[in-house]
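Biologist: I should like to learn how to read a helical model. May we go through it feature by feature?

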Amino acid sequence: MASRKKPSRKPLRSKPKKAAISKGKSSSPSAPGAWFEKLVALQARLRAPNGCPWDREQTHTSLRTYLIEEAYEVLDALESGDDEKFAEEMGDLLLQVVFHSQIAAEEGRFTVEDVIREVHEKMVRRHPHVFGDQRAKDAEEVLKTWHQIKAQERRGKAAEGGALVSGEAAESALDGVPRTLPGTLEALQLTKRAARTGFDWPDAGGILEKIREELAELQVELEGKNQGNIEDEVGDLLFAAVNLDRFLKIDPEIALKNANKKFVRRFQEMEKAAADSGRKFQDVPREEKESLWNLAKVGERQPGARKAGRGQ
């Protein structure tokens with residue numbers, strides 16, 4: 001059964017924890033391939049007529065939530081510093097790829113072999129400085145070449161499908177950004193693509209000024225109390241903040257997740273302080289709540305205080 005979480009985790013193996021991860025070494029050169037084939041066969045068995053009822057009921061649509069959850073759990077495990085947990089969550093994410101591929105194979109659409117071949121050929125094609133005659137002096141040049149090849153591939157596919165005919169609109173630099181992405185990630189991709197065309201700020205100061213401008217416009221709309229206009233201005237403010245993240249080479253989703261962790265930690269410190277004084281947090285006056293928040297904030301700055309995103 002794929003991706004169904006159990007009440008408690010079990011170690012990957014029954015060996016002591018230090019021996020649980022092989023530190024990147026396989027028992028033989030063919031070991032990864034052999035285990036992958038076993039995983040593919042296992043999922044096919046679960047989907048077979050006499051397999052697991054839950055697995056047989058799943059569709060691409062029903063599995064969407066699991067795919068997103070597993071990706072975030074991989075990130076959480078990465079930050080934890082626990083190799084065993086990291087390996088386990090990577091396995092869960094891999095299972096989602098196998099699961100979707102198995103469903104597609106049953107429908108006669110594509111197989112897991114197609115998935116692997118496509119990504120292998122793509123990686124070779126987009127690394128001409130490794131597998132071809134080109135040279136790349138640095139990572140920036142590698143990315144530039146990558147995006148150029150990617151754009152060429154999109155134009156080629158569009159031409160094959162008859163999408164490009166005389167008189168039709170030219171390809172946009174923003175084409176290909178999935179609209180199903182979470183809002184922050186979609187904004188990040190849109191601003192990245194726009195920046196590649198030269199549509200960017202010369203420095204972070206310009207974006208900060210834009211944020212101040214959006215705040216002022218939001219203030220005006222708050223006074224007008226038009227909910228639709230307020231929503232528009234809040235969206236503009238969030239978009240500008242994501243653009244600042246992009247300019248500073250910060251992933252807005254990770255930054256926000258870290259801010260969430262910080263908020264939870266400080267809020268729970270406030271609750272504890274209220275409980276220590278014999279009160280429920282909701283009964284503490286508003287002004288005192290603010291004081292408790294500031295105390296929690298100051299406490300984190302003390303030597304030895306816990307920090308967000310450090311693997312606690």
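The dialogue below moves from the whole chain to single helices and one residue.

Biologist: Which secondary structure elements does the protein have, and how many helices and strands are there?

Modeller: Please keep in mind that this is a predicted model. The protein has 12 helices and 0 strands, so its elements, read from the N terminus on, run α-α-α-α-α-α-α-α-α-α-α-α.

Biologist: What percentage of the residues counts as buried, and what do the contacts say about separation in sequence?

Modeller: Of the 312 residues, 25% count as buried. Among contacts between residues at least 6 apart in sequence, 56% join residues at least 24 apart.

Biologist: How should I read the packing of α9 and α10?

Modeller: One begins with the angle between the two axes; over 145 degrees counts as roughly antiparallel. Helix α9 (residues 204–224) and helix α10 (residues 227–247) pack at an angle of about 165 degrees, with axes 9 Å apart. That angle makes α9 roughly antiparallel to α10. Their crossing is left-handed.

Biologist: Which residues form the contact of α9 with α10?

Modeller: From α9 the participants include Ile 207, Leu 208, Ile 211, Leu 215, Leu 218 and Leu 222. Among those they meet in α10 are Ile 230, Val 234, Leu 237, Leu 244 and Phe 247. By class, this contact has 14 nonpolar, 2 polar and 6 charged residues.

Biologist: What does the span of helix α8 tell me?

Modeller: One compares the distance from first to last C-alpha with the span expected at 1.5 Å a residue. Helix α8 (residues 183–196) has 14 residues and reaches 20 Å, close to the 20 Å expected. After α8 comes Gly 198, whose phi is positive, near 95 degrees.

Biologist: Which residues of α8 are buried, and against what do they pack?

Modeller: The buried residues are Glu 186, Ala 187, Leu 188, Leu 190, Thr 191, Arg 193 and Ala 194. They pack against α7 (139–160), α10 and α11 (252–276). Helix α10 thus appears in both accounts, as it also packs with α9.

Biologist: Finally, is Gln 43 buried or exposed?

Modeller: The test is relative accessible area, with buried meaning under 20%. Gln 43 is found in helix α1 (residues 31–47). Gln 43 counts as buried because its relative accessibility is 1%.

Biologist: Which residues are in contact with Gln 43, leaving aside its neighbours within four places in sequence?

Modeller: Gln 43 is in contact with Asp 55, Leu 95, Val 98, Phe 99 and Gln 102.

Methods:
Residues are numbered from 1 along each chain as its sequence is written. This is a predicted model: local features need pLDDT of at least 70, side-chain atom pairs count only at pLDDT 80 or more; totals for chains, interfaces and linings use all residues. Side-chain values use heavy atoms; hydrogens and water are left out. Axes are lines fitted to C-alpha atoms, for helices over the stretch in contact, and angles run from 0 to 180 degrees between N-to-C directions. Helices (H or I, at least four residues) and strands (E, at least two) are DSSP runs, numbered from the N terminus. Angles under 35 degrees count as roughly parallel, over 145 as roughly antiparallel, 65 to 115 as roughly perpendicular and the rest as oblique. A crossing is left-handed if the near helix is turned anticlockwise from the far one by less than a right angle, and right-handed if clockwise. Contact means heavy atoms within 4.5 Å. Ala, Val, Leu, Ile, Met, Phe, Trp, Tyr, Cys and Pro count as nonpolar, Asp, Glu, Lys and Arg as charged, and the others, Gly among them, as polar. The expected span of a helix is 1.5 Å times one less than its number of residues. Buried means under 20% relative accessible area, exposed over 50%, partly exposed in between (1.4 Å probe, protein chains only).
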